[in-house]
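Hi,

Here is the structure I promised to pass on. Have a look at it first, and then read on for what I found in it.

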Amino acid sequence: MSNKKENLDNLQKKLGEVLGLERAAQKAVEELVALKLLKSESKDQAKEIQKEASSHEEKIQEVVSLFAEDEEVKLNASKVEESAKETEKKATKIMKTYLGENPDTSEALEFLCLAEGGEVSHYEVLQTICENFDNKKALTTIKSILKEEQKHLSECIDMAKAAVA
Ligand SMILES: [Fe+2]
């Protein structure tokens with residue numbers, strides 16, 4: 001069990017982390033397309049995922065505002081942003097390391113699986129953190145994003161499988 005200050009620290013950190021992951025995910029798709037690693041169908045699907053990542057980013061920004069305006073919570077939006085920047089940097093580094101010198105399509109798709117898996121687990125944890133606060137709107141938003149992330153993950157797994165079938 002966490003106390004009030006820990007709950008707020010956890011919330012700020014985790015909201016930043018999902019924001020950073022959403023930003024990194026959009027850049028990752030852009031880069032994999034530019035490297036011509038995603039072809040035809042998987043390219044279209046990845047672009048759809050990218051669009052949804054952009055909408056998730058906006059929705060999480062709204063959640064940040066909700067908690068910042070909430071007198072009971074008084075979330076510090078710049079702490080969230082700090083955490084977002086750090087996470088985006090880390091995620092970009094992980095992608096570079098994972099893809100290495102000569103990435104192929106399978107590696108590109110498996111990296112997307114890794115990224116989506118990371119998003120799923122972060123939103124799961126964020127949902128649990130959010131349950132410590134009395135904000136139905138925020139919780140509903142997080143739950144709906146989590147559902148879409150689960151869908152993204154299974155889509156990416158399917159794409160990775162299709163590439164080697
Ligand atoms: Fe996603």
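Let me start with a small puzzle: does D9 count as buried, partly exposed or exposed? At 31% relative accessibility, D9 counts as partly exposed. Before you go further, please keep in mind that this is a predicted model.

**Charged pairs**

D9 is also one half of a salt bridge: its partner is K5, and the closest N and O atoms are 2.7 Å apart. Both residues sit in helix α1, and because they are four residues apart there, about one helical turn separates them. K5 counts as exposed, with 57% relative accessibility.

The count for the model comes to 11 salt bridges. As a reminder, side chains of opposite charge can pair when their charged atoms come close.

Another one to look at is R23 with E57, where the closest N and O atoms are 3.1 Å apart. This pair links distant parts of the chain, as R23 is in helix α1 and E57 is in helix α2, 34 residues away. Unlike the partly exposed D9, R23 and E57 are both buried. The pair also belongs to something wider: salt bridges that share partners join R23, E57, E81 and K85 into one network.

While you are around R23, click on E88 too. E88 is in helix α3 and counts as buried, at 15% relative accessibility. Leaving aside neighbours within four places in sequence, E88 is in contact with G20, R23, A24 and K27.

**Two lysines in loops**

K74 appears in the salt bridge list as well, paired with E71 at 3.9 Å between the closest N and O atoms. Both K74 and E71 are exposed; for K74 the relative accessible area is 52%. You will find K74 in the loop between α2 and α3, the latter being residues 77-99. The backbone there is worth a look: K74 is not a glycine, yet its phi is positive, at about 50°.

K36 has a positive phi too, near 60°, and again the residue is something other than glycine. K36 lies in the loop between α1 (4-34) and α2 (40-69). Like K74, which is exposed, K36 is exposed, with a relative accessible area of 63%.

**The iron site**

Next, the metal. Which residues supply the protein donors of the iron ion? They are E116 (OE), E119 (OE), E149 (OE) and H152 (ND1), lying 2.0 to 2.5 Å from the iron ion. The angles among the four donor atoms run from 73 to 164°, and the site is irregular. Along the sequence, the donor residues are spaced E-x2-E-x29-E-x2-H. Two of them, E119 and E149, link distant parts of the chain: E119 is in helix α4 (residues 105-130) and E149 is in helix α5 (residues 136-162), 30 residues apart. Both E119 and E149 are buried.

**Nonpolar cores**

The largest nonpolar core has 24 residues, and the ones that touch the most other members are L11, L15, I60, F67, L75, Y123 and L126. The elements that give two or more residues to this core are α1, α2, α3, α4 and α5. L15 is a handy place to start exploring: not counting residues up to four places away in sequence, L15 touches I60, V63, V64, F67, L75, V80 and L126. Apart from this core lies another, of 17 residues, among them L32, L109, F111 and C156.

**Cysteines**

C156 brings me to the last item. How many disulfides does the count come to? The count comes to zero. Take C113: its closest cysteine sulfur is in C156, 5.3 Å away, which is too far for a bond, since a disulfide needs the two sulfur atoms within 2.5 Å. C113 counts as buried, at 14% relative accessibility. C130 is buried as well, with a relative accessible area of 1%.

**Where to click**

If you only have a few minutes, I would go to the iron donors E116, E119, E149 and H152, then to the network of R23, E57, E81 and K85, and then to L15 and the residues that L15 touches, including I60 and F67.

Cheers

Terms used: Residues are numbered from 1 along each chain as its sequence is written. This is a predicted model: local features need pLDDT of at least 70, side-chain atom pairs count only at pLDDT 80 or more; totals for chains, interfaces and linings use all residues. Side-chain values use heavy atoms; hydrogens and water are left out. Buried means under 20% relative accessible area, exposed over 50%, partly exposed in between (1.4 Å probe, protein chains only). Donors are N, O and S atoms within 2.8 Å of the metal (3.2 Å for Na, K and Ca); water is not among the atoms, so sites may look incomplete. Four donors count as tetrahedral if all angles lie between 85 and 135 degrees; four count as square planar and six as octahedral if opposite donors are over 155 degrees apart and all others between 65 and 115; anything else is irregular. A nonpolar core is a set of buried Ala, Val, Leu, Ile, Met, Phe, Trp, Tyr and Cys residues joined through side-chain atoms within 4.5 Å. Contact means heavy atoms within 4.5 Å. A salt bridge is a side-chain nitrogen of Lys or Arg within 4 Å of a carboxyl oxygen of Asp or Glu.
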